[in-house]
Structures are given as structure tokens and as C-alpha cells.
Amino acid sequence: MKTITTPAIERVGVVGCGLMGSGIAEICARRGLDTLVFEVDEKALEAGRARIEDSLRRGVARGKLSSPEREAALLGLRFTTDLTDFADRDLAIEAVPEVEELKTRLFAELDGVMRRRDALFASNTSSIPVMQLAAATSRPGQVVGLHFFNPVPVLDLVELIPTLATADAAWERIRHFTEKTLGRHVIVSQDRAGFVVNSLLIPYLLAAVRMYESGFARAVDIDQGMVRGCGHPMGPLALADHIGLDTTLSVAESLYTEFKEPLYAPPPLLCRMVQAGQLGRKSGRGFYEYTVR
Ligand code: CAA
């Protein structure tokens, strides 16, 4: 059996506290980690904090954690709008929107801020090449993809993605952290747009949008078909709303850019809905209507 000799990861920084970042921060704090969360301004920070508190409350109500565990998780969480507070972090997990330029700039900034020589840099990207983010830093050997699934506190899968440059020690350390410290199930993917899950999931979601767009069937019938006929927890249009139509679109665009396969080409309706601000559950309207909390 291999012995892990690299130092434990205890101080984590999560960049971005949206749907994914808040879930990632929550599970880190629930596992007893010193968790610092960055957002661009106070408003975004407060929204993120409220999302985490709400999820922890639901977790207690569903019997997934005790009240003292919830209190301990809240105590392990700190929030900042100043990225230089990440200087002492062992690991930064980036979970900002799927905008290539934004992520690339952020990795360069984190590289300048994080002082520990063995610090690790991880991206929750679902589609942008991790190598491109690694190349924005002076320490590409320390960079990996660490892709979670929404809702993060409920779905225990993580895709781990090494790049051509990831150092062996960094890889062992992040894998140990994800499996043992976070207690997640790991699958490994090469650094290709979409990795394993989205390469399979996105063409399915796009096919459902095309079916709806062509008038083939109603949204509710498409979704019920897959829920009742195939045992899926939710139908493809409800799932696209859950992921966010903007995120679904940007993952489809990245897949299309990488592989040029028609099955990855975003249908016009998806593009128009995103342009109209109909982003799914988070905006209150997508293929269905929602109450925004
Ligand atoms: N903390 C911990 N556990 C929680 C919780 C919380 N805040 N909220 C709910 N849970 C638990 C519940 O206790 C329940 O657990 P049990 O099954 O053990 O009882 C479970 O989560 C389901 O919760 P609910 O009963 O409240 O909700 P549901 O049954 O309606 O399921 C759902 C909701 C989990 C979202 C489910 O519909 C589902 O799994 N859908 C598919 C989601 C999916 O495919 N996500 C992946 C998207 S792809 C992606 O994320 C990657 C990308 O890059 C785009």
C-alpha cells in the first residue's frame, strides 16, 4: 500500500459562491476543514452564505447531519471579498462561471497570491481545458480539474482530471484529499472538454431541447417519459433548468468547439432562452417556472 507523505490539506479556499461554489464550500466545512470563501462583492457573498445556511438547515431537517455538526460547519466557514486572504491556503478550488477568460485570469491571480510552495490549484470547470488554466500559472504541475455535481451536498461523485503537466505528488495529494478527506467517489478523466459525465449528458439534454423545439412533444411529456419510463430522478428539461441553461449552453459550446460534432451544437431555442435571461431554476424561468428564493 502506498504511504501518503505529502502534507494534509487543511486550509481550503473556494472561489465563487454560486450554485456549485456554495455546495463545495459546504461539504468542505462539513468535513472539518478551515474553509475560506471568496466572492466579488458583499451582495454575492451574502447570497452565497444564505445558500449554504439554507442547505445546512435542510440537511439537518433531512437527518443528514446533526445540529452540532451544522454549528461546527458554520464555524469552519469564513467569507472574504479580498483574494489576497488566500495567501495561506493549501488548496484553492475555483467555481466561477464557465467563462474562459475569467477563469484564466483568476488562475494567474491565485498563482500570485498563494504563498505555500506546495499549494494546489483546482478548477471545477465542466468544459474548459484544465491545461489552459494550468498554463496561466507559474506552477502548472500543481493544477488539476476537480469537477463536482449539482447538488454537491447530495451527489457524491467527483471527476478528477490530471493535465499533461500535473506532478505525481500533486496528483496523489488531491486524490487522497478528495477520497479520504472529503469522502467522495472519484472517477478519473483525461483533459478533454466535458470529461466523462458531460460528454454523455449534454448531447442527451440537447436532444430533449431539439425534441421540444420541433413540437414533437410537450416539456412535461418529455420529462415524464424519462422519469417514469427510465427511472431517472428528473427529466432532461427539468435537469437543464436545474444545471442552469447558461451553463448547459456554455458546456455545449465548449464540446462543440473541441469535437465539432453536430450532436454537441446548441439548438437555437437554448441560445434564445439564455439571451432572454431564462436561465432555469436560478432565474425563475426556463422550461418551467420557479419561485426564486
Ligand atoms: N444536504 C444533504 N442532503 C440533502 C440535502 C442537503 N441540503 N437536501 C436533500 N438532501 C438529500 C435528501 O435527504 C435525500 O436523501 P435520501 O435519498 O437519502 O432520502 C436526497 O438528498 C434527495 O433529496 P430530496 O428528496 O429533497 O429531493 P429529490 O428526491 O426531489 O431529488 C435531486 C432532488 C437530488 C436534485 C434529484 O432529482 C437528482 O439527483 N437529480 C439529478 C441531478 C443531476 O443529474 N445532477 C447532475 C447535473 S450535471 C452537473 O452538475 C455537472 C455539470 O457540470 C453541468
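**Reading a ligand site**

Author: Let's start with one pair of atoms: an N or O atom in the side chain of R62 sits 2.6 Å from an oxygen atom of the ligand. Keep in mind that this is a predicted model, where local features need pLDDT of at least 70, side-chain atom pairs count only at pLDDT 80 or more, and totals for chains, interfaces and linings use all residues. Residues are numbered from 1 along each chain as its sequence is written, and side-chain values use heavy atoms, with hydrogens and water left out.

Reader: Which residues come nearest to the ligand?

Author: A residue is near a molecule if one of its heavy atoms lies within 4 Å of it. Here 21 residues surround the ligand, and S55, R62, K64, H147 and N150 come nearest.

Reader: How far from an oxygen atom of the ligand is a polar side-chain atom of H147?

Author: For a polar contact, look for a pair of N or O atoms within 3.5 Å. In H147 the distance is 2.8 Å, and for a side-chain N or O atom of N198 it is 3.0 Å.

Reader: Is N198 buried or exposed?

Author: Buried means under 20% relative accessible area, exposed over 50%, and partly exposed in between (1.4 Å probe, protein chains only). N198 is at 7%, so it counts as buried.

Reader: Which residues is N198 in contact with, leaving aside neighbours within four places in sequence?

Author: Contact means heavy atoms within 4.5 Å. N198 touches S126, H147, P203, V251 and L255 in that way.

Key. A polar contact is a pair of N or O atoms within 3.5 Å; within protein, one must be able to donate a hydrogen and the other to accept it, and residues adjacent in sequence count only if both atoms are side-chain atoms.
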